[in-house]
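Hi,

Here is the structure I promised to pass on. Have a look at it first, and then read my notes below.

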Amino acid sequence: MSPLALRRRIGQLLVAGFDGTGIPVELRSLAKEFGLGGVILFARNIVEPEQVAELAFESRRLVADVPVWVSVDQEGGRVARLKAPFTEWPPMATLGRSGDVALAERFARALASELRAVGVTLDYAPVLDIHTNPKNPVIGDRALAETADEVARLGRAIVQGLQAEGVAACGKHFPGHGDTSTDSHLELPLVEHAPDRLRAVEFLPFRAAIDAQVAAIMTAHVLVPSLDEARPSTLSRRTVQGLLREELGYDGVILSDDLEMKAIASTYAV
């Protein structure tokens, strides 16, 4: 393989964030030399719908031969990068309390229609973590429910609704971030469950999403000693390859959570 081909394969693994409401020169240069898998939009990149649509259009054209993913965290509630005049959706716990699968799919279709209208092609949703720890500072009302069966049932409907309207869904955060007491944005959380418990509870929503052909699954920056004593799940071959790929049979795209989060960046070289 030539050095150029290798660089472009590496570039395809990167989803890049950037500052400002337009594509910076540095990102254009990076995309030209290395290629690029996608961009992620944050609040710092967003002014109003027309500007988002133009930014998405320019982003998709950064690489000539392969369309670039335009992605965003648009869950509803406190994790929503697109504010009014976009629809301001309630947190997923509100949807979960309804227990209504048809409503979950209607919500996802409506959300996807808005995203698609401004050129977003990948949404980092749904959250498939289970709200088993009321003291969890990072998941909380982002979770659909407190039981695995409910999260699986509603999460599957959201995956199907998003993807039926042409927006790729991303289930998160494997192997489960629901039962943690620290925020992975700030430090590395610990999950102390045995593998049998994880398979019986935390994995169920991910199995349902895989069965629904979810386009992507995001890994969690959590340390699960029963799975890998040395490395957090994002960096663990045992977890990503051994469990998600081989045991659960997932053959779609696997994405890391943000590598600038302190759970990874302050402890591991990235």
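Let me start with a question: is R153 buried, partly exposed or exposed? R153 counts as partly exposed, at 36% relative accessibility. Before I go on, please keep in mind that this is a predicted model.

**R153 and its neighbours**

R153 has a salt-bridge partner, E150, and the closest N and O atoms of the two are 2.9 Å apart. Both residues belong to helix α6, where a spacing of 3 residues separates them by about one helical turn. E150 is partly exposed too, with a relative accessible area of 22%.

R153 also turns up where two helices meet. Helix α5 (residues 101-117) packs against helix α6 (residues 148-164) at an angle of about 35°, and their axes are 7 Å apart. The crossing is right-handed. On the α5 side the contact is made by V101, A104, E105, F107, A108, R109, L111 and A112. From α6 come R153, L154, A157, I158, G161, L162 and A164. Sorted by class, that contact has 11 nonpolar residues, 1 polar and 3 charged.

**Aromatic residues**

F107, one of the α5 residues in that contact, is buried, with a relative accessible area of 9%. It also pairs with W89: the ring centres are 5.1 Å apart and the planes sit at 85°, so this is an edge-to-face pair. The two come from distant parts of the chain, 18 residues apart, with W89 in the loop between β5 and α4 (92-98) and F107 in helix α5. Unlike buried F107, W89 is partly exposed, at a relative accessible area of 21%.

In total the structure holds 3 aromatic pairs. There is also an aromatic cluster, made up of F174, F203 and F206.

**More salt bridges**

Side chains of opposite charge can pair when their charged atoms come close. A search of the whole structure turns up 17 salt bridges, and besides R153 with E150 I'd pick out two that link parts of the chain far apart in sequence.

The first to look at is R44 with D19, where the closest N and O atoms are 3.4 Å apart. R44 sits in the loop between β2 (38-41) and α3 (49-60), and D19 in the loop between β1 (15-16) and α2 (25-34), so the pair ties together parts that are 25 residues apart in sequence. D19 counts as exposed at 60% relative accessibility, whereas R44 is partly exposed, with a relative accessible area of 41%.

Then there is D141 with R78, at 2.9 Å from N to O. These residues are 63 apart: D141 is in the loop between β6 (122-123) and α6, and R78 is in the loop between β4 (74-76) and β5 (79-80). Both are partly exposed, D141 with a relative accessible area of 31% and R78 with 45%.

Some salt bridges share partners, and in that way D73, E75, R81, R142 and K172 are joined into one network.

**Backbone oddities**

Most residues other than glycine have a negative phi, and most peptide bonds are trans. Here are some places to check with that in mind. K172, a member of the network above, is joined to H173 by a cis peptide bond, with omega about 10°. H173 lies in strand β7 (residues 168-174). Another cis peptide bond runs from A125 to P126, with omega near 10°, and P126 is in the loop between β6 and α6.

Which non-glycine residue has a positive phi of about 65°? That is Q213, in the loop between α8 (203-211) and β8 (216-219). Q213 is exposed, with a relative accessible area of 65%.

**A168 in strand β7**

Back in strand β7, where A168 is found, the picture is one of burial: A168 has a relative accessible area of 9%. Leaving aside residues up to four places away in sequence, A168 touches W69, T121, L122, D123, Q163 and A215. A112, which takes part in the α5 contact with α6, is 56 residues from A168 in sequence but 8.9 Å from it in space, C-alpha to C-alpha.

Cheers

Key
Residues are numbered from 1 along each chain as its sequence is written. This is a predicted model: local features need pLDDT of at least 70, side-chain atom pairs count only at pLDDT 80 or more; totals for chains, interfaces and linings use all residues. Side-chain values use heavy atoms; hydrogens and water are left out. Axes are lines fitted to C-alpha atoms, for helices over the stretch in contact, and angles run from 0 to 180 degrees between N-to-C directions. Helices (H or I, at least four residues) and strands (E, at least two) are DSSP runs, numbered from the N terminus. A crossing is left-handed if the near helix is turned anticlockwise from the far one by less than a right angle, and right-handed if clockwise. Contact means heavy atoms within 4.5 Å. Ala, Val, Leu, Ile, Met, Phe, Trp, Tyr, Cys and Pro count as nonpolar, Asp, Glu, Lys and Arg as charged, and the others, Gly among them, as polar. A salt bridge is a side-chain nitrogen of Lys or Arg within 4 Å of a carboxyl oxygen of Asp or Glu. Buried means under 20% relative accessible area, exposed over 50%, partly exposed in between (1.4 Å probe, protein chains only). Rings of Phe, Tyr and Trp (its six-membered ring) pair if their centres lie within 6.5 Å; planes under 30 degrees apart count as stacked, over 60 as edge-to-face and the rest as tilted.
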